[in-house]
Amino acid sequence: MLIIFGIGGAVGDFVAGHTVGKNPRGTFVVGGVGLFTALLSLLTIGDGKAGVIITLILWGLSFGAVQLSQVDMSLAAAPETFEAAMSLNTTAYNTSIALGALLGGLFADDMGVTSDVRFGVALTGASLLLRVGTGRKATSTASA
């Protein structure tokens with residue numbers, strides 16, 4: 001299953017590599033919608049092997065696009081301080097993983113594993129609303 005996710009992520013990175021330079025915000029939003037859809041699909045069709053495989057492919061594709069566009073937007077926000085931008089990006093990324101593991105464990109223990117997925121749907125939806133609702137558009141480092 002991890003190989004399936006990884007292949008999806010590699011394909012998502014490759015595709016996003018062509019789109020993020022033209023429209024990082026759009027790439028992020030499309031990838032976020034894919035993540036949102038994958039998480040919802042996991043709740044609805046994730047009981048069977050085929051459903052999990054389909055969901056993991058979409059999740060990997062979407063994560064590849066979101067991750068690459070997020071890095072590009074971070075660099076575009078501070079192009080003159082590449083190292084600092086990447087340091088902050090890495091710190092935020094790893095902090096999010098740690099908090100996700102902590103909250104995910106607490107949710108799974110108290111409310112079951114599906115509560116983790118529901119929380120993921122809520123966070124992904126909030127992220128999309130925030131990105132779509134903000135007026136500031138990131139410029140790509142490729143065009144800067």
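A helix here is a DSSP run of H or I that is at least four residues long, and helices are numbered from the N terminus. The exercises below use this definition on a predicted model.

**Exercise 1. Describe the overall fold of the protein, beginning with its helices and strands.**

Solution. Step one is to count the elements: the protein holds 5 helices and 0 strands, so that, read along the sequence, its pattern is α-α-α-α-α. The radius of gyration is 16 Å, close to the 15 Å that the globule rule gives for 144 residues, and the protein is therefore as compact as a globular protein of that length. Step two turns to the dimensions, where the C-alpha trace spans about 45 × 30 × 30 Å along its principal axes. Step three asks how the chain is packed: buried residues account for 32% of the 144 residues, and, of the contacts between residues at least 6 apart in sequence, 74% join residues at least 24 apart. The accessible surface, finally, comes to about 8600 Å², and 72% of it belongs to carbon and sulfur atoms.

**Exercise 2. Which residues form the nonpolar patch on the surface, and which helices supply at least two of its residues?**

Solution. The patch consists of I3, I7, V11, F14, V15, I57 and L61, which together have about 650 Å² of accessible area. To see where these residues come from, look at helix 1 (2–19) and helix 3 (49–77), each of which supplies at least two of them. Helix 1 gives the largest share, with 5 residues. As an example from the other helix, take L61, which is found in helix 3. Its relative accessible area is 31%, and because a residue of a patch must have over 30%, L61 passes this cut-off; it is described as partly exposed.

**Exercise 3. Compare the span of helix 2 with the expected value, and find what its buried residues pack against.**

Solution. Helix 2 has 22 residues and reaches 30 Å from its first C-alpha to its last, which is close to the 32 Å expected at 1.5 Å a residue. Its buried residues are P24, R25, T27, F28, V29, G31, G32, G34, L35, A38, L39 and S41, and they pack against helix 1, helix 3 and helix 5. Now take one of them, S41, whose place is in helix 2. S41 has 17% relative accessibility and therefore counts as buried, since buried means under 20%. When residues up to four places away in sequence are not counted, S41 touches G46 and T55.

**Exercise 4. Repeat the analysis for helix 5, and decide whether S115 is buried or exposed.**

Solution. Begin with the span: helix 5 (residues 113–133) has 21 residues, and the distance from its first C-alpha to its last is 31 Å, close to the 30 Å expected at 1.5 Å a residue. The next step is to list its buried residues, which are S115, V117, G120, V121, T124, G125, L128 and R131. What covers these residues includes helix 2 (24–45), helix 3 and helix 4 (82–111). For the last step, consider S115, which is found in helix 5. Because its relative accessibility is 10%, S115 counts as buried. Leaving aside residues up to four places away in sequence, S115 touches F107 and A108.

How values were computed
Residues are numbered from 1 along each chain as its sequence is written. This is a predicted model: local features need pLDDT of at least 70, side-chain atom pairs count only at pLDDT 80 or more; totals for chains, interfaces and linings use all residues. Side-chain values use heavy atoms; hydrogens and water are left out. Patches are made of residues with over 30% relative accessible area and no salt bridge: like charges are joined within 9 Å, nonpolar side chains (Val, Leu, Ile, Met, Phe, Trp, Tyr) within 5 Å. Accessible areas come from the Shrake-Rupley method with a 1.4 Å probe; for residues, only the protein chains shown count as cover. A salt bridge is a side-chain nitrogen of Lys or Arg within 4 Å of a carboxyl oxygen of Asp or Glu. Buried means under 20% relative accessible area, exposed over 50%, partly exposed in between (1.4 Å probe, protein chains only). The expected span of a helix is 1.5 Å times one less than its number of residues. Contact means heavy atoms within 4.5 Å. The radius of gyration is taken over C-alpha atoms; the globule rule is 2.2 Å times the number of residues to the power 0.38.
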